[in-house]
Amino acid sequence: MNVAAATDRRSGTSVRWLVELLDVIGSKPLGSRLRQCPHPGHGGDSHPSLSITERVGGGARLHCFAGCPERDVVRSLGLGLRQLYQPPAVSPRRFASLARLRMEFPPVALRAGHPATRGYRLEAVHTYEPAGGVDDRVRCHRLLRWRHRASGAKELMWETRLADGTTTPGLLGTPERTLPLYREREIRMAIAARETILVIESESSVDALTGWYATTWAGGANDVNTDRLLAVLGGYPNIVHIPDFDVAGLACLWRILEAGLRLAVLLGEPGEDARDLHRRLGSDAFRDAVADAARRSSDSAPARAPRRPRPWPVPPAAGGRG
Ligand SMILES: [Zn+2]
């Protein structure tokens, strides 16, 4: 047997063992590879958001879409990270009884028409912490992003986690405009520490830019929450906005500038968003491009990120770019 086949067999075994363990302890499924997250810090997972998949290079990977660290999820199952590669030599049922794993999982409510019943898979969960003092019944709001398996279509859905640990669909009547900025608490800390803050257009881009203080607003490019941006960021000198370089993104940039928020602007190439730009430039060049943009005032022309190297020399244009 070759090494790849042996690796496949080992990851398959780890994945099967972990899925069975989650089933044994009562974690309810969504499809074959999603289960309710057992980490106590998750606080009751009513939309199974823990995926159990093969890890590249062997072993199993546990990924909680709500952001629970893998180490903590593994620990809550009475396991260590090593056991993702080599599950214990006893059956999951025997292990659960030896480790005295007793857990309570909330009911999974999938209503008719729910994305999970229409061929969508959960791609990400973005948590908006409450601004504080608004509604003490609410622990947080979560934006769930679903992706259709065949068409790739995206669907967004809000849910609200209540103080009693239960989760209810929708925003409980809270208008999107009154929600805080995405990761607003971190952003307020970054302001206190005089760090550069990136304003970008989607929660998934914010999540992808690890190591940066980045934020966005609930509502997307078509509904810029300029009030909230001004309330949190107004007057702060060290903000770089990376708009999506498309019609909606540039319109959104215009509304932000029109509202009077002073910020530097960094543009990638047509079609790029902040995450694409970061991926293309790599971490170091991205950091330089942000620093370069931040040095400019919001009154000057937007900074352009380094261009993509051209594969062949371009002849001089006759009448400039139209
Ligand atoms: Zn979790």
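A residue counts as buried when its relative accessible area is under 20%. The exercises below apply this and related criteria to a predicted model.

**Exercise 1. Decide whether cysteine 140 is buried or exposed.**

Step 1. Take the relative accessibility of cysteine 140, which is 5%.
Step 2. Compare that value with the cut-off of 20%.
Step 3. Cysteine 140 therefore counts as buried.
Step 4. For the whole protein chain, buried residues make up 43% of the 322 residues.

**Exercise 2. Identify which residues coordinate the zinc ion, and state the geometry of the arrangement.**

Step 1. List the donor atoms: SG of Cys37, ND1 of His42, SG of Cys64 and SG of Cys68, at 2.0 to 2.3 Å.
Step 2. Place the donors along the chain; their spacing reads C-x4-H-x21-C-x3-C.
Step 3. Locate two of them among the secondary structure elements. Histidine 42 is in the loop between strand S2 (34-35) and strand S3 (50-54), and cysteine 68 is in the loop between strand S4 (60-64) and helix H2 (70-76), so this pair ties together parts that are 26 residues apart in sequence.
Step 4. Check the angles. For a tetrahedral site with four donors, all angles must lie between 85 and 135 degrees. Here the four donor atoms subtend 100 to 117° around the zinc ion, so the arrangement is tetrahedral.

**Exercise 3. Determine whether the zinc ligands histidine 42, cysteine 37 and cysteine 68 are buried or exposed, and find how many disulfides the structure has.**

Step 1. Histidine 42 has a relative accessibility of 4% and is therefore buried.
Step 2. Cysteine 37, with a relative accessible area of 4%, is buried too.
Step 3. For cysteine 68 the value is 13%, which also means buried.
Step 4. Searching the whole structure for disulfides gives zero.

**Exercise 4. Describe the open sheet that contains S5, and say which strands form its edges.**

Step 1. Write the strand order: the four strands run S5-S6-S7-S8, with antiparallel pairing.
Step 2. Find the strands that pair on one side only. These are strand S5 (120-128) and strand S8 (167-169), the edge strands.
Step 3. Consider the twist: on average, neighbouring strands of this sheet are turned by 30° against each other, direction ignored.
Step 4. Examine one pair. Strand S7 (residues 154-162) and S8 run antiparallel and are joined by three bridges. Threonine 160 has threonine 168 in S8 as its bridge partner.
Step 5. Set the sheet in context: the protein chain has eight helices and 13 strands.

Notes:
Residues numbered from 1 in each chain as written. Predicted model: local features only at pLDDT ≥ 70, side-chain atom pairs only at ≥ 80, totals over all residues. Heavy atoms only, no water. Donors = N, O, S within 2.8 Å, 3.2 Å for Na, K, Ca; no water. Tetrahedral: all angles 85-135°; square planar, octahedral: opposite > 155°, others 65-115°. Helix = DSSP H or I, 4+ residues; strand = E, 2+ residues; numbered from the N terminus. Buried < 20%, exposed > 50% of the residue type's maximum accessible area, 1.4 Å probe, protein only. Disulfide = S-S within 2.5 Å. Pairing = 2+ DSSP bridges. Axes fitted to C-alpha atoms, helices over the stretch in contact; angles between N-to-C directions.
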